[in-house]
Structures are given as C-alpha cells and as structure tokens.
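Reader: I should like to learn how to read a structural model one feature at a time. Could we begin with the surroundings of a single residue?

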Amino acid sequence: MIKIDIKNLFDKSNGTYGSPRIFNTLRTSEKLVCKNTVAKYMEEMGLNANRKKKRKRVVTTDSDHNLSVAERRFEVENPNSHPQAPGEILAGDITYLKLFNGKHIYLAVVLDIFTREVLGWSLGASLETSLVLNAYSQCIT
C-alpha cells in the first residue's frame, strides 16, 4: 500500500520529488512510514528524482568590441580627484532584474558620487540608449 502511495506521489510530481519530499507528504497525510523506508522503497522501485536544471547565466555585457571607452574622470588612489561638492561627478550603472515569469528588465541608475544619492533611474525592456537618457534626464530637471 505504501509503495503505491510513493509511486503515485512520484508520478504526480513528474519525477521531481525525492524521498524527503515524499516522506513529508506521506507524513502530513497521516501515513505511518519511516524516512529510510521511503528511500529504500524508492530505490527498489527504481524511482530516482530528476534534479532541477541549473539556471543558465544570462550574458548582458559584451566587452569585446572596438568602440570608444569614456575617459576616466577620477582615480581612486588620488584623493585630490574626488568630488568636493554634490553634482561634480555622476556615475551610472545598468543591471537586469529577473521577473517571476523568467523574463528580465533592465534598470539604469545615475548616482552622485559625493552624496551617494540616486539621482535618477529608469526601467526598460532593452538596453537602448533611451534607458540611460531617461535616467539621466531625471538628474537635470
């Protein structure tokens, strides 16, 4: 009887439930069975849970190009090059945020280096120039 319950739960999970999950499910349905017994029965029946696939890393940056790179405006090692007042040096960054549906959106942020405040931000579905311009436009208004 327990073997049938184990097989049904395994099939219902599309082969993703291992012995710990099946044991917990049986226990909540008030079936008296030991965790090791569930594992033993699953091994006897050849029920091996399929592991979830690892996430693929989304590559969003391509640094291998011949495009011009903006000049460095200040050096970390040189304290004289650090901003002395708000608004002297702004920095920006773009990242992506993964959504619940598996898709992602991009976030562009503009920071004031002196105050470390977020001065502007913008969300978009692509890495178009308008994403950064929209974030920057919040800084100058």
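Author: Certainly. Beyond its neighbours within four places in sequence, Q138 is in contact with L119, G120 and W121. Please bear in mind that this is a predicted model.

Reader: Where in the chain is Q138 placed, and how far apart are the C-alpha atoms of Q138 and G120?

Author: Q138 belongs to the segment after α4 (129–137). Its C-alpha atom and that of G120 are separated by 4.9 Å, although the two residues are 18 residues apart along the chain. In addition, a polar atom of the Q138 side chain lies 2.8 Å from the backbone oxygen of W121.

Reader: Why is Q138 described as partly exposed?

Author: Its relative accessible area is 37%, and partly exposed covers the range between under 20%, which is buried, and over 50%, which is exposed.

Reader: How should I read a nonpolar core?

Author: In soluble globular proteins, nonpolar side chains tend to be buried together. Here the largest nonpolar core has 10 residues: I6, L9, F10, I22, F23, L26, V33, V38, M42 and L47. Two or more of these residues come from each of α1 (2–12), α2 (19–28) and α3 (35–44). Within α1, L9 is in contact with I22, T25 and L26, leaving aside neighbours within four places in sequence.

Reader: And how is a pair of packed helices described?

Author: One gives the angle between their axes and the distance between the axes. For α2 and α3, the angle is about 125 degrees and the axes are 9 Å apart, which makes α2 oblique to α3. The crossing is right-handed. At this contact, S19, I22, F23 and L26 in α2 meet K35, V38, A39 and M42 in α3.

How values were computed: Residues are numbered from 1 along each chain as its sequence is written. This is a predicted model: local features need pLDDT of at least 70, side-chain atom pairs count only at pLDDT 80 or more; totals for chains, interfaces and linings use all residues. Side-chain values use heavy atoms; hydrogens and water are left out. A nonpolar core is a set of buried Ala, Val, Leu, Ile, Met, Phe, Trp, Tyr and Cys residues joined through side-chain atoms within 4.5 Å. Buried means under 20% relative accessible area, exposed over 50%, partly exposed in between (1.4 Å probe, protein chains only). Helices (H or I, at least four residues) and strands (E, at least two) are DSSP runs, numbered from the N terminus. Contact means heavy atoms within 4.5 Å. A polar contact is a pair of N or O atoms within 3.5 Å; within protein, one must be able to donate a hydrogen and the other to accept it, and residues adjacent in sequence count only if both atoms are side-chain atoms. Axes are lines fitted to C-alpha atoms, for helices over the stretch in contact, and angles run from 0 to 180 degrees between N-to-C directions. Angles under 35 degrees count as roughly parallel, over 145 as roughly antiparallel, 65 to 115 as roughly perpendicular and the rest as oblique. A crossing is left-handed if the near helix is turned anticlockwise from the far one by less than a right angle, and right-handed if clockwise.
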